[in-house]
Amino acid sequence: MFKVVNATGGYGKTTIIRNVSLEVKSGEVVALLGRNGVGKSTLMRFATNLIPPMEGHVEIDGNPAPNSPAKRAKSGLGYVPQGRFVFPRMTVIENIAVAAATNGHDPKKAVEEALADFPMLRPKAHDLAGGLSGGQQQVLALARALAIMPRILLLDEPTEGVQPSIIDEMAGILKRINRDRGIAILVAEQNLDFCLSIAERAYVMEKGEIRMETDRDALLADKELQQELLGV
Amino acid sequence: MELDFLATVLLSSLSSASILLIATIGLAVVFGLMGVINLAHGEFLMIGAYTALTVTQAGVPYILSIPIAVAVTMVIGAIVELLIINRLYGRLFDTMLATWGLSIVFYQLAVLIFGTVTPGIGMPQFSIAVGEYSLAGYPLLMIGVAAAMLIFVYLLMTKSVYGMKARASIQVPHMAQAIGIESSRTNMLTFSVGCGLAGFAGAVLLPIVPATPSMGFAFVIKAFLTVVVAGPVTLTGSAITALGLGGGASVTASFMTSVVGDVFFFVITALLLWLYPMGISAKWRRKL
């Protein structure tokens, strides 16, 4: 249902990713693995149209995705960026409400659902997002992305700088969201354990290209590849 | 009798602080919220004043000329955003140069169209007696106008969907787009709202401050300083700063001279910026 085809892109004249193609099927959880600087985040930004394509395109449900980040969000693409980027001088509730309202959903209902999904946000509901801890901001960024009611969710290093207990909680939530709402997920990660706990399939990136496609079982069996991916 | 005098001083100072605040709120939106240094802000005030003056002279009741002035300045603001500001977000000095040029253009246009001196409109005549003193009513009315403006902008920015979109687009533009907000359109509207507020100020202050091509200069410096001293919590900060600095300057002026009042304003501003380089609200945990 979600496809990146021959993506080539970067910043200014610098090309970071070359000819990258990948696919996430309906209701699937797919990991995008690779070490720092291989182009995972650039690919995510390509997919959301936050950087313009040099070549290649993105498809959602077999249709070419519209050429603006805002329109892409409206066509069902949710995005949790690396570094979270919550709206710092807006409350937790407002961060969620603005995402829902922008896409024509009832903001009150969206906030209620989000606070039910993520109980750890409830005591912070009226606090400014900028004052939350890193883990709380990460969860808020996820709640905000879910408030647009996406059909495909892009997560960029969601475990970075997040304490282990919250990582476990996040994995549980993502699995539940994927199962109950049928939201497909593409998650870029360096945390192998986290990926293996939620994804069935994975792409491994290297130097701006897809090096291989693999699945959970093959990855679990391949100790050498694991070592390589874990190396910093 | 002493008490009556004190009361009149306080009331008239509160009213000058309110006039400063009225002239500042538009800038609090454009500069405080959006971070755009619009050196033509004073000229939007002037455009609002001339619009109100022109339609009043054409026979429209003064009270109706105010919304017309707001509409005119909002449209001009939207066009300016589309043609100039839009291309310069994040480029502070370029924005300053461009809007400075724009202010000169607006000023000269006003000179060409209206000449350098124009008649004021008569102040709506009513006065309020405090003991044996009598105060003109219209300037006192500005206290209520300033409060109403403040509440309006606060509610617009915090309670409406547009307001949330506006703040999101300003705080993290790329993420605002990534959740579906057309942030360039939202920013255009926000800039236009800021200009409309300036137009409102020009129109509502017209009975007190007659329309002249250079009237913008008189306001823009103090308005900018107010917003800078206010810091990141721009609306609450500006209200308190306008009250403190504008009110303080006015109290000083009524006991001494208006020059001493201005000296008070600038010295305290310098002192506050020395103590709080990021503005007095840098550490406040409030949204606006």
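Buried means under 20% relative accessible area, exposed over 50% and partly exposed in between, with a 1.4 Å probe and protein chains only. By that yardstick B:G246 is buried, because its relative accessibility is 9%.

This is a predicted model, where local features need pLDDT of at least 70, side-chain atom pairs count only at pLDDT 80 or more, and totals for chains, interfaces and linings use all residues. Residues are numbered from 1 along each chain as its sequence is written, chains are lettered from A and ligands numbered from 1 in the order written, and side-chain values use heavy atoms, leaving out hydrogens and water.

**Helix 10 of chain B**

- B:G246 sits in helix 10, residues 234-255 (helices are DSSP runs of H or I with at least four residues, strands runs of E with at least two, numbered from the N terminus).
- Leaving aside residues up to four places away in sequence, B:G246 touches B:A17, B:L20, B:T241 and B:F265 (contact means heavy atoms within 4.5 Å).
- B:F255 also belongs to helix 10 of chain B, and is partly exposed, with a relative accessible area of 49%.

**The sheet of chain A**

- Six strands make an open sheet of mixed pairing, in the order 6-7-8-3-9-10 (strands pair if DSSP finds at least two bridges between them).
- Its edges are strand 6 (77-80) and strand 10 (209-215), each pairing on one side only.
- Strand 3 (residues 29-33) and strand 9 (residues 201-206) run parallel, joined by four bridges.
- Within strand 9, A:V204 is the bridge partner of A:L33.
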